[in-house]
Amino acid sequence: QQLSNQAFFGGSTPHFGDFCFFHICDLISLVSPDYLTSKYPALAAWAERVRQLPAISEYLSERSSQTAGFPGSYLATVSAK
């Protein structure tokens, strides 16, 4: 297991790869909010640590009012909830 007991994949501080992988996990969470928590709890905890980083948290709070996808698409419908 790459993450092991570390806070981030690179150790105690996040690295570029953490942010790249977080982007993928965040997209998964938009489509299926409970997927990571139910299947991969350690990964969900890591994603939450990344989500709580000040700059990421600020960005996500501003992004929450935006929509995604094309009007009528599945992604637009899911992200509008």
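Read along the sequence, the protein chain follows the pattern α-α-α-α-α, with five helices and zero strands (DSSP runs numbered from the N terminus; helices are H or I with at least four residues, strands are E with at least two). This is a predicted model, in which local features need pLDDT of at least 70, side-chain atom pairs count only at pLDDT 80 or more, and totals for chains, interfaces and linings use all residues. Residues are numbered from 1 along each chain as its sequence is written, and side-chain values use heavy atoms, with hydrogens and water left out. Of the 81 residues of the protein chain, 23% count as buried; here buried means under 20% relative accessible area, exposed over 50%, and partly exposed in between, with a 1.4 Å probe and protein chains only.

**The nonpolar core**

- Let's start inside: the largest nonpolar core (buried Ala, Val, Leu, Ile, Met, Phe, Trp, Tyr and Cys residues joined through side-chain atoms within 4.5 Å) has twelve residues.
- Its members are Leu3, Phe8, Phe22, Cys25, Leu36, Leu43, Ala44, Trp46, Ala47, Val50, Ile56 and Leu60.
- Helix 1, helix 3 and helix 4 (54–63) each supply at least two residues of this core.
- The most comes from helix 3, which gives five residues.

**The buried side of helix 3**

- Within helix 3, the buried residues include Leu43, Ala44, Trp46, Ala47 and Val50.
- These five residues cover an arc of only 160° around the axis (taken from the directions from the helix axis to the C-beta atoms), which puts them on the same side of helix 3.
- Ala45, also in helix 3, is partly exposed, with a relative accessible area of 34%.
- Ala45 and Ala7 are 38 residues apart in sequence, and their C-alpha atoms are 9.2 Å apart in space.

**Aromatic pairs**

- The count comes to four aromatic pairs, where rings of Phe, Tyr and Trp (its six-membered ring) pair if their centres lie within 6.5 Å; planes under 30 degrees apart count as stacked, over 60 as edge-to-face and the rest as tilted.
- One of these pairs joins Phe9 and Trp46 edge-to-face, at 5.2 Å centre to centre and 65° between the planes.
- Phe9 lies in the segment before helix 1 (16–31) and Trp46 in helix 3 (residues 41–51), so this pair ties together parts that are 37 residues apart in sequence.
- The two partners sit in unlike surroundings: Phe9 is partly exposed at 23% relative accessibility, whereas Trp46 is buried at 0%.
- Ring pairs also bring Phe21 into the picture, linking Phe9, Phe21 and Trp46 into a cluster.

**Salt bridges**

- Side chains of opposite charge can pair when their charged atoms come close.
- Two salt bridges are counted (a side-chain nitrogen of Lys or Arg within 4 Å of a carboxyl oxygen of Asp or Glu).
- In one of them, the side chains of Asp26 and Arg51 meet at 3.8 Å, N to O.
- Asp26 lies in helix 1 and Arg51 in helix 3, so this salt bridge ties together parts that are 25 residues apart in sequence.
- Asp26 is buried, with a relative accessible area of 7%, while Arg51 counts as partly exposed at 22%.
- Arg51 also forms a salt bridge with Glu48, where the closest N and O atoms are 3.2 Å apart.
- Both Arg51 and Glu48 lie in helix 3, three residues apart, about one turn of the helix.
- An α-helix has 3.6 residues a turn, so residues three or four places apart point the same way.
- Glu48 counts as partly exposed, at 34% relative accessibility.
- Taken together, Asp26, Glu48 and Arg51 are linked in a network of salt bridges.

**At the surface**

- Phe21, Ile24, Ile28, Tyr35 and Tyr40 make a nonpolar surface patch of about 420 Å².
- Patch residues have over 30% relative accessible area and no salt bridge; like charges are joined within 9 Å, and nonpolar side chains (Val, Leu, Ile, Met, Phe, Trp, Tyr) within 5 Å.
- Accessible areas come from the Shrake-Rupley method with a 1.4 Å probe, and for residues only the protein chains shown count as cover.
- Helix 1 provides the largest share of the nonpolar patch, three residues.
- Ile24 is found in helix 1 and is partly exposed, with a relative accessible area of 44%.
- Thr37, in helix 2 (residues 35–39), is exposed, with a relative accessible area of 52%.
- Thr37 and Ala47 are ten residues apart in sequence and 9.9 Å apart in space, C-alpha to C-alpha.
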